[in-house]
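Work through the following exercises with the coordinates open, and try each task before reading its solution.

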Amino acid sequence: MKLLLICALLGAAVAFEDDKIVGGYVCAKNSVPWQVSLNAGYHFCNGYAIHYRKVEVRLGEHNIAVSEGTEQFISNAKSIRHPRYNSRTLDNDILLIKLSSPATLNAFVNTIPLPSGCVAAGSSCLISGWGNTLSSGSKFMKL
């Protein structure tokens with residue numbers, strides 16, 4: 001089986017002050033095993049492993065600045081950008097990635113549990129990724 005990934009191309013975007021998510025916190029280590037880091041010699045995008053099916057993809061990461069021994073490095077075999085993606089406005093900023101080889105699912109690498117329906121209004125939801133937890137400052141290396 002191959003792993004199918006979905007990615008918001010955040011690294012290619014210029015973040016505007018009104019579109020940031022701030023006030024976050026460091027996730028417990030390995031608590032979001034579906035989170036992946038896309039790399040081209042540096043971290044440039046977050047993604048989620050959504051289904052078993054194939055860019056350099058780093059799975060099993062918590063701190064992208066150090067090797068923790070839990071990572072799997074798999075190159076991409078194919079990427080499919082949304083047909084109406086607009087690099088100027090970042091509308092439809094989503095990408096499907098086919099891995100060149102299967103990922104090994106374990107406590108550090110797993111698929112995201114998808115809901116069976118819509119969540120109720122006012123529900124608390126988790127948003128994860130590497131990035132700023134404050135409106136200004138440097139990127140945070142831990143998930």
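**Exercise 1. Classify Glu 68 and its salt-bridge partner by exposure, in this predicted model.**

Solution. Begin with Glu 68, whose relative accessibility is 23%; because the buried class ends under 20% and the exposed class begins over 50%, Glu 68 counts as partly exposed. Next, look for the partner: Glu 68 forms a salt bridge with Lys 29, and the closest N and O atoms are 3.7 Å apart, which falls within the 4 Å cut-off. Finally, apply the exposure classes to Lys 29, which has a relative accessible area of 49% and is therefore partly exposed.

**Exercise 2. Find how many salt bridges the whole structure holds, and describe the one formed by Arg 58.**

Solution. A search of the whole structure gives 2 salt bridges. In the one that involves Arg 58, its side chain meets that of Glu 61, with an N to O distance of 2.4 Å. As a last step, check the exposure of this pair: Arg 58 and Glu 61 are both buried.

**Exercise 3. Determine which residues make up the largest nonpolar core, and which element gives the most to it.**

Solution. The largest nonpolar core contains 11 residues, namely Val 36, Leu 38, Cys 45, Val 57, Leu 59, Ile 74, Leu 95, Ile 97, Leu 99, Ala 103 and Val 109. Mapping these onto the secondary structure, one finds that two or more residues come from each of β2 (35-39), β4 (56-59) and β7 (95-99). Of the elements, β7 contributes the most, with 3 residues.

**Exercise 4. Locate Asn 30 and Asn 92, and state what is notable about the phi angle of each.**

Solution. Take Asn 30 first: although not a glycine, this residue has a positive phi of about 60 degrees. Asn 30 lies in the loop between β1 (4-8) and β2, and its relative accessible area of 22% makes it partly exposed. Turning to Asn 92, its phi is likewise positive, near 60 degrees, in a residue other than glycine. Asn 92 is found in the loop between β6 (76-81) and β7, and with a relative accessible area of 34% Asn 92 is partly exposed.

**Exercise 5. Count the disulfides, then decide whether Cys 27 is buried or exposed, and do likewise for Cys 125.**

Solution. The criterion requires a pair of cysteine sulfur atoms within 2.5 Å, and by this rule the count is 0 disulfides. For Cys 27, the relative accessibility is 9%, so this residue counts as buried. Cys 125, by contrast, has a relative accessible area of 55% and is therefore exposed.

Conventions: Residues are numbered from 1 along each chain as its sequence is written. This is a predicted model: local features need pLDDT of at least 70, side-chain atom pairs count only at pLDDT 80 or more; totals for chains, interfaces and linings use all residues. Side-chain values use heavy atoms; hydrogens and water are left out. Buried means under 20% relative accessible area, exposed over 50%, partly exposed in between (1.4 Å probe, protein chains only). A nonpolar core is a set of buried Ala, Val, Leu, Ile, Met, Phe, Trp, Tyr and Cys residues joined through side-chain atoms within 4.5 Å. Helices (H or I, at least four residues) and strands (E, at least two) are DSSP runs, numbered from the N terminus.
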